[in-house]
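Thanks for coming. I have one structure to go through today, and I will start with the overall contacts before moving to the individual elements. Please have a look at it first.

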Amino acid sequence: MSGKLAREIHRVRPFDCLEQEVSLNILRTADYLMRGMEEFLKTYGLSGVQFNVLRILRGAGEAGMACKAIAEHMITRDPDVTRLLDRLPARGLIQRTRDRRDRRVVASRITPEGLALLEKMDEPVLTFHRRQLSHVPVEQLRAAVDLMEEIRHAEAGDL
């Protein structure tokens, strides 16, 4: 064990196992990256989950998506996606309409204003991500992607 995380979190005794140290490192790093992203997104008046929803709806195209489908595509789970979606129409970023055949289904679609905001953000977001991780060699970044995918797929029973 390298001990860097133990020193960061002021842990006196060693971790119980390497898997514990890795898991805590992943969580700590995710928090670090997410806090930076949240600060960055504030300059555009968005939260991380709002930005995630807008990107999901941009990918959905003209058809839009129902609330449940949006929730399934989210990076982080949000227990109240409906309330989250209720805030975005007021800003003109999405529109919500009931399905004509099944009134229980509400489809959300990104508006031209929402698309314009994302387009304005595309390059700054890439620059932000590069700034966060440009110090890491490409081979290590690829290995990190492979490792994270392997962990998620094993947890989901996909292996």
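Let me begin with the contacts. If we take contacts between residues at least 6 apart in sequence, 44% of them join residues at least 24 apart. The chain has 159 residues, and 26% of those count as buried.

Keep in mind that this is a predicted model. The mean pLDDT is 87, with 89% of the residues at 70 or more. Where is confidence lowest, and where is it highest? The low end is helix α1, residues 4–8, with a mean of 62, and the high end is helix α6, residues 112–133, at 97. Where pLDDT is low, the predicted coordinates should not be read in detail. I will leave α1 there.

Next, the inventory. There are seven helices and three strands. Going along the sequence, the pattern reads α-α-α-β-α-α-β-β-α-α.

Now the sheet. The three strands form an open sheet in the order β1-β3-β2, and the pairing is antiparallel. Which strands stand at the edges? Those are β1, residues 65–66, and β2, residues 94–98; each has a single partner strand, so one side of each is left without a neighbour in the sheet. Helix α3, residues 48–60, packs on this sheet and touches β1, β2 and β3, and its direction makes about 95° with that of β3.

For the pairings themselves, β2 and β3, the latter covering residues 106–110, are joined in the antiparallel sense over five bridges. Within that pairing, Thr-97 sits opposite Ala-107 of β3, and Arg-96 has Ser-108 as its bridge partner in β3. On the other side, β1 and β3 pair over two bridges, also in the antiparallel sense. There, Ala-66 stands opposite Ala-107 in β3. As for burial, four of the five residues of β3 are buried, so β3 is largely enclosed by the rest of the structure.

Back to α3, this time against the other helices. Two packed helices are described by the angle between their axes and the distance between the axes. Helix α2, residues 18–42, packs against α3 at an angle of about 75°, and the axes are 9 Å apart. That angle makes α2 roughly perpendicular to α3. From α2 the contact takes Met-37, Glu-38 and Leu-41, and from α3 it takes Gly-48, Val-49 and Phe-51. By class, that contact has four nonpolar residues, one polar and one charged.

What about α3 and α6? Their axes come within 11 Å and cross at roughly 110°, which makes α3 roughly perpendicular to α6. On the α3 side the contact is made by Phe-51, Leu-54, Arg-55 and Arg-58. The α6 side includes Leu-115, Leu-118, Glu-119 and Asp-122. The residues of this contact divide into seven nonpolar, no polar and four charged. Phe-51 is listed in the contact with α2 and again in the contact with α6.

One last residue in α3: Gln-50. Is Gln-50 buried or exposed? Its relative accessibility is 11%, so Gln-50 counts as buried. Leaving aside neighbours within four places in sequence, Gln-50 is in contact with Gly-45, Leu-84, Leu-88 and Arg-91.

That is what I have for today.

Terms used. Residues numbered from 1 in each chain as written. Predicted model: local features only at pLDDT ≥ 70, side-chain atom pairs only at ≥ 80, totals over all residues. Heavy atoms only, no water. Pairing = 2+ DSSP bridges. Contact = heavy atoms within 4.5 Å. Axes fitted to C-alpha atoms, helices over the stretch in contact; angles between N-to-C directions. pLDDT = per-residue confidence, 0-100. Parallel < 35°, antiparallel > 145°, perpendicular 65-115°, else oblique. Nonpolar A, V, L, I, M, F, W, Y, C, P; charged D, E, K, R; others polar. Buried < 20%, exposed > 50% of the residue type's maximum accessible area, 1.4 Å probe, protein only.
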